[in-house]
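Please work through the exercises below with the sequence and the three-dimensional structure open beside you. Each exercise gives a task, and a solution then follows step by step.

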Amino acid sequence: MFPVVTLLIGFAVGKPLTRIEASNIHLLLGTFGIDNYLIGKQVYLPTDRISFEITWQCSGTFSMTLYTLIYLFLPGLKKKPLEWLFGVSTLYIANIFRVFFSIYLYHRFGKGAFNTFHYTIGPILLFLLVVFLIANAFLLGLRSSGKSPKF
């Protein structure tokens with residue numbers, strides 16, 4: 001079920017997110033002194049002679065969908081739209097930094113560093129951020145209701 005929901009959301013909102021993300025990564029790389037060009041949804045690094053295409057899978061759709069589904073369906077969690085928006089925004093920004101840092105690592109240390117961070121460490125960090133955001137929302141809900149957590 002989750003993969004189907006992720007695919008549907010990815011196809012629906014992925015295209016605009018990828019353009020925004022590519023633009024943000026282009027600006028971040030430039031800020032850190034890395035010569036790059038934005039060509040559509042691709043970030044080209046002329047020094048390294050490589051282009052990185054920002055696809056909807058890179059846009060953070062997976063972590064935002066996971067967070068949203070847990071947030072909506074976790075029993076006992078008070079649903080607050082601003083709290084949800086904060087969580088999704090935090091995940092999106094964290095994902096921009098994940099992709100930026102992946103490309104930065106490629107530029108500085110090569111393909112191995114890129115692959116390790118982009119495909120392993122980065123997704124684990126995003127998953128841990130989802131867990132933290134849900135736990136924080138749950139604990140804030142308990143605190144506002146006057147109940148103390150029982151472990």
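**Exercise 1: a histidine and its partners**

Task: leaving out residues up to four places away in sequence, find which residues His-107 touches, and then place His-107 in the fold of this predicted model.

Solution. Setting aside residues up to four places away in sequence, His-107 touches Ile-34, Leu-45, Thr-47 and Asp-48. The next step is to locate His-107 itself, which is in helix α3. Taking Ile-34 from the list of partners, one finds that His-107 and Ile-34 are 73 residues apart in sequence, whereas their C-alpha atoms are 8.1 Å apart in space.

**Exercise 2: from Leu-45 to Asp-35**

Task: list the residues that Leu-45 touches, not counting residues up to four places away in sequence, and describe the place and accessibility of Asp-35.

Solution. With residues up to four places away in sequence not counted, Leu-45 touches Leu-29, Ile-34, Asp-35, Asn-36, Ile-50, Phe-52, Ile-103 and His-107. Asp-35 is found in the loop between α1 and β1, the latter being residues 37-39. Because its relative accessibility is 42%, and the partly exposed class lies between 20% and 50%, Asp-35 counts as partly exposed. Leaving aside neighbours within four places in sequence, Asp-35 is in contact with Tyr-44, Leu-45, Pro-46 and Thr-47. For Pro-46, the separation from Asp-35 is 11 residues in sequence and 7.0 Å in space, C-alpha to C-alpha.

**Exercise 3: the nonpolar core**

Task: state how many residues the largest nonpolar core has and which residues have the most contacts inside it, and then determine which element gives the most to this core.

Solution. The largest nonpolar core has 30 residues, and those with the most contacts inside it are Ile-25, Leu-29, Leu-45, Tyr-67, Leu-91 and Ile-103. At least two residues of this core come from each of α1 (2-31), β2 (42-45), α2, α3 and α4 (111-145). Helix α3 gives the most to the core, with 8 residues. For the protein as a whole, buried residues make up 38% of the 151 residues.

**Exercise 4: how α2 and α3 pack**

Task: decide whether α2 and α3 are roughly parallel or roughly antiparallel, and describe the residues that make their contact.

Solution. The axes of helix α2 (residues 61-73) and helix α3 (residues 81-109) come within 9 Å and cross at roughly 160°. Since angles over 145 degrees count as roughly antiparallel, α2 and α3 are therefore roughly antiparallel to each other. Their crossing is right-handed. On the side of α2 the contact is made by Ser-63, Met-64, Tyr-67, Thr-68 and Tyr-71, and on the side of α3 by Glu-83, Trp-84, Gly-87, Val-88, Leu-91 and Tyr-92. Sorted by class, this contact has 7 nonpolar, 3 polar and 1 charged residues.

**Exercise 5: Ala-94 and Arg-49**

Task: for Ala-94 and Arg-49, work out which is partly exposed and which is exposed, and say what sign phi has at Arg-49.

Solution. Ala-94 lies in helix α3, and because its relative accessibility is 24%, Ala-94 counts as partly exposed. Apart from neighbours within four places in sequence, Ala-94 is in contact with Leu-126 and Leu-129. Ala-94 and Leu-129 are 35 residues apart in sequence, with their C-alpha atoms 8.7 Å apart in space. Arg-49, by contrast, is placed in the loop between β2 and β3 (50-53), and because its relative accessibility is 72%, Arg-49 counts as exposed. Most residues other than glycine have a negative phi. The phi of Arg-49 is near 55°, which is a positive value in a residue other than glycine.

Methods
Residues are numbered from 1 along each chain as its sequence is written. This is a predicted model: local features need pLDDT of at least 70, side-chain atom pairs count only at pLDDT 80 or more; totals for chains, interfaces and linings use all residues. Side-chain values use heavy atoms; hydrogens and water are left out. Axes are lines fitted to C-alpha atoms, for helices over the stretch in contact, and angles run from 0 to 180 degrees between N-to-C directions. Helices (H or I, at least four residues) and strands (E, at least two) are DSSP runs, numbered from the N terminus. Angles under 35 degrees count as roughly parallel, over 145 as roughly antiparallel, 65 to 115 as roughly perpendicular and the rest as oblique. A crossing is left-handed if the near helix is turned anticlockwise from the far one by less than a right angle, and right-handed if clockwise. Contact means heavy atoms within 4.5 Å. Ala, Val, Leu, Ile, Met, Phe, Trp, Tyr, Cys and Pro count as nonpolar, Asp, Glu, Lys and Arg as charged, and the others, Gly among them, as polar. A nonpolar core is a set of buried Ala, Val, Leu, Ile, Met, Phe, Trp, Tyr and Cys residues joined through side-chain atoms within 4.5 Å. Buried means under 20% relative accessible area, exposed over 50%, partly exposed in between (1.4 Å probe, protein chains only).
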